[in-house]
Amino acid sequence: MSRGLPSRRSGSQVRRTPVPRTGPTLGSVQMLAIMVMVACAAGLIVVSAAPSFDARTVEIHGARFTSEEIVRSIVDLDGSPNLFRIQTDRAAEQLVRLPAVESASVQVILPSTVVVNIVERDPKLIWAIGDRLYAVDQDGLLFGLVDPAGNPIPSSAGPPTSPHPDSGPSGLSSLGPSARPTVPPAPAASPTPTPKPTPTLKSAKPTARASPTKAGSKASAAPSAGASASGAASPAPASDGSLNPSLAPPPTPDPAATPGPGALGLPLVFDRRSADAALGLGGIVDPINLDAGYRLAGLTPADVGSTAPGLAVVVDDDHGFTVSSVPTGWVAEFGFYAPTVRKVTVIPGQVRDLRSLLFQYGDDHVAWIWLVADVADDHVNTYLPR
């Protein structure tokens, strides 16, 4: 029996031959990259420090309600900074947060020019609160200020800390006291009447409003409108609008107020509601009142059959919307509007009723008119003669 050979554990062995490298070593590439980055950084430092690239020319276009001061502050243009340090995208995002700015762009033009293009909101109405006149856009946003002649006043109010739609039901924005612009007051915008010891026009409203007469005829309750609870008649109310704070005569135009080429010339509503007294830039007017105000403030004397030189529109807590002749001779109470009770769509009917009554009796014979027409088809109105 032959003896087998012991098994040998064998494996393939591969001899590796080093391959010579034909390119530069990895260390050389890294060193070259570092040198390039250092050179670029040095170049940027030199360029950013070069006075030839300072912002020496600033062009701001489209700003009427926005002051140049706040634009320069947001774009960081104070002190003629180097153009390479201006963050154009961030500046544009901050500009659109200003109350009057709808869109904005910031462009750098070498070697030394910055161009800021601003598109502001489109004013639809002037809303007077206290001694300030605000420009209002189609969404009811109080975004700008105007003077008594309708000229836009550039504002330095900064961006609110929260978006406009989140300003709350009262329309208050969170601009803060320091953001309120300083503008010359217009005292005539909301005069404070002198109290008189006579009954207000509101107390002269007929007590028997359930059975008023048809439009164009005197109210049957008018003779006893001022009667007290004991039956004793009180003096007949006068047509002086100063008897009620909310019916103070409209302001007399300021002779020093001169409309400029950019004057708006928009309809005006005097808001004397207590809930809106604190509204400021960035505030929002209730959409129903905005709609009613826009419809009524756009009326002309000819639309209502009046020969008065002009009309004034007021909204307050006691009477809702009123339209009066200027100078004050008669006052027409249009009342309050709501989504389900009395909609603004009844305003055209109320205007027709007012025109019919004034056409029949004339401006000089009517003191106070209640346009009680609502969703009913049968329009019934009352008035007080003078």
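**Exercise 1.** In this predicted model, determine how R72 and E68 are placed relative to each other in helix α2, and which contact R72 forms with E68.

*Solution.*
Step 1. Both residues belong to helix α2 (residues 68-75), where they are four residues apart.
Step 2. Because of this spacing, about one helical turn separates R72 from E68.
Step 3. The closest N and O atoms are 4.0 Å apart, and the pair forms a salt bridge.
Step 4. The relative accessible area of R72 is 22%, so R72 is classed as partly exposed.

**Exercise 2.** Establish which parts of the chain the salt bridge between R121 and D137 ties together, and whether its partners are buried or exposed.

*Solution.*
Step 1. In the salt bridge of R121 with D137, the closest N and O atoms lie 3.9 Å apart.
Step 2. R121 sits in the loop between β3 (113-120) and β4 (125-129), while D137 sits in the loop between β5 (132-136) and β6 (142-146); the pair therefore ties together parts that are 16 residues apart in sequence.
Step 3. Buried means under 20% relative accessible area. R121, at 17%, counts as buried, and D137, at 6%, also counts as buried.

**Exercise 3.** Classify the accessibility of D122 and K124, whose side chains meet in a salt bridge.

*Solution.*
Step 1. The N to O distance in this salt bridge is 3.2 Å.
Step 2. D122 has a relative accessible area of 46% and is partly exposed.
Step 3. K124, at 32% relative accessibility, is likewise partly exposed.

**Exercise 4.** Locate M37 and identify the surface patch that M37 helps to form.

*Solution.*
Step 1. M37 is part of helix α1 (residues 26-49).
Step 2. Its relative accessibility is 55%, so M37 counts as exposed.
Step 3. Together with M31 and I34, M37 forms a nonpolar surface patch with about 320 Å² of accessible area.

How values were computed: Residues numbered from 1 in each chain as written. Predicted model: local features only at pLDDT ≥ 70, side-chain atom pairs only at ≥ 80, totals over all residues. Heavy atoms only, no water. Patch = residues over 30% accessible without salt bridge, like charges linked within 9 Å, V, L, I, M, F, W, Y side chains within 5 Å. Areas by Shrake-Rupley, 256 points an atom, 1.4 Å probe, with all protein chains shown as cover. Helix = DSSP H or I, 4+ residues; strand = E, 2+ residues; numbered from the N terminus. Buried < 20%, exposed > 50% of the residue type's maximum accessible area, 1.4 Å probe, protein only.
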